[in-house]
Amino acid sequence: MISEFQHSDLQVCVLAAGKGKRMRSNKPKVLHKVLGRAMIDYVLHTVESLRPKGIAVVTGHASDMVQAHVGQPRNLEWVIQDKQLGTGHAVRQCEEVISDVRDVLIVCGDTPLLRSETLAKLVSEHRDRGAAVTVLTAEVDDPSGYGRMVRDADKQVSGIAEEKDATDAQRMIREVSSGIYCVRYNVLFDLLHKLGNCNAQGEYYLPDIVPLALQDGRSVGTVRMQDATEMMGVNDRAQLSMVEGILQANIIHDWQLRGVTIEKPETVRIEATVNIGLDTVIQAGCYLMGSTHIGDECRVGPYAVLVDAWLDDRVEIFAFSHIHDANVAMRAKIGPFARLRPGAQLDEDVHVGNFVEIKNSIVNRGSKVNHLSYIGDTEMGADCNIGAGTITCNYDGANKHKTKIGDRVFIGSDTKLVAPVEIKSDATVGAGSIITKKVEAGGLTLSGRTDQHHIPHWQRPRKKPC
Ligand code: UD1
Ligand code: CA
């Protein structure tokens, strides 16, 4: 998507150094995922679409993990905050990397619902009013955890009271700070150098630039968000799931408007990274995850799990099937209760039925594996019929071996194909065979059967009467 924004005189500062203690996690908070995508990725995508001059990302706790995850985009500078002494202290660490801009936009790495349109509005209103500091605020029903916007008798902002420092009266205030600021560059670092840490958390609070700016006679403005859910910050896992719920509802709504039918949408998970074609039907309880792509006119579910799966058009995935890192071509039918594992490539019109597992195998056009089979490390031609209970014995305990099956092969039920082995085109293998050697083209091959005997007076063991 080409962004409609251009802010070449704006620098963005993303705060992502905190440990996120309330997450109770070994990994940094901003790497926690919301619908399959790390929180920091949402925030970076949002600020990137403003097309600013540059983006400084402040990391500290497990910064190597955050940097390894994000990589090194062209206009991104990493800033290390060794000790997490507060949000104001974090921004101060950016002094070296920020220069020659009109304004600095400060956002937190833990607000994945934030939209670029909202940030653009903050910047433009800040500039229109000629303010030194502008705070993005919201009116919420439950303000707990947020900094409260404290206003004087004339309704002018006088400061921001953090939850832990607020008086009982201030705690009642429902107008809160989003933690997002637009600040004129030529005043920002002056203000930050004046910050103290005499507060309940002993931290250098970024919100304290508001009273400091007012003391210097500078103007402080606020921009109220239309939709308060956008600024929801994730501090613990309960908030993580709330944010995920909101994002999920938005994603489902978007797909519905783009021509996808979603049955029982409240039971479906569709990650932010998934693509779905026109007239496709997603049934109840489906999980569509990772880079999954679904073509037009497909039917998936109910209760199918697709992870990094690729489905062409008109594919049908029946109930309780699990597809991971596999490709399925047009009109193929999979399941119910089928499992396609990494490297399964099914061509057009292939049918895979119940309790069939396919791994690292090519199944060519029109072939059918309809019941209770395991196909691994196999190359199968077109129009084959693989009987119930066929197993490719691909593993000898140390190595994997290949099975090669030609076109129009018929494998009878309960056959073991002990790899490495080849079945030539048009061969028929009788039910119950154990195939260890090459099967020639055409004809019938039988193996592993003893002749059928009948022992007329044989009796099954009986339980002794008590
Ligand atoms: C912060 C704001 C609060 C606002 C809320 C909105 C402060 C003191 N409080 O509270 O006014 O209502 O966000 O969600 O600013 N961080 C650093 N270095 C630090 C401390 C924090 O980079 O030393 C980063 C964190 O990683 C996080 C962000 O700053 O991404 C905000 O910190 P957090 O601890 O989540 O602040 P809140 O308590 O949510
Ligand atoms: Ca927060």
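Here is a walk through this structure, from a calcium site to two sheets. Keep in mind that the model is predicted.

Let's start with the metal. Which residues coordinate the calcium ion (ligand 2)? Two of them do the job: Asp110, through OD, and Asn235, through OD1, at 2.4 to 2.5 Å. If you look for this pair in the sequence, you'll find that its members sit 125 residues apart, so to speak in distant parts of the chain. Asp110 belongs to the loop between β6 (103-108) and α4 (116-129), while Asn235 belongs to the loop between β11 (220-224) and α8 (237-257). Are they buried or exposed? Both Asp110 and Asn235 are buried.

Now on to the strands. One open sheet is made of 11 strands, paired in parallel, and you can trace it in the order β12-β15-β18-β21-β24-β27-β30-β33-β36-β39-β41. At its edges stand β12 (261-262) and β41 (444-445); each has a single partner strand, so one side of each lacks a neighbour in the sheet. Zoom in on the β41 end: strand β39 (residues 428-429) runs parallel to β41, and two bridges join them. There, Thr428 is opposite Leu444 of β41.

Another open sheet has nine strands, also with parallel pairing, in the order β14-β17-β20-β23-β26-β29-β32-β35-β38. Here β14 (275-276) and β38 (421-423) take the edges, and because each has a single partner strand, one side of each is left without a neighbour in the sheet. Over at β14, two bridges connect this strand to β17 (residues 293-294), which runs parallel to β14. Look for Ile276, which stands opposite Ile294 in β17.

Technical notes. Residues numbered from 1 in each chain as written. Chains lettered and ligands numbered in written order. Predicted model: local features only at pLDDT ≥ 70, side-chain atom pairs only at ≥ 80, totals over all residues. Heavy atoms only, no water. Donors = N, O, S within 2.8 Å, 3.2 Å for Na, K, Ca; no water. Helix = DSSP H or I, 4+ residues; strand = E, 2+ residues; numbered from the N terminus. Buried < 20%, exposed > 50% of the residue type's maximum accessible area, 1.4 Å probe, protein only. Pairing = 2+ DSSP bridges.
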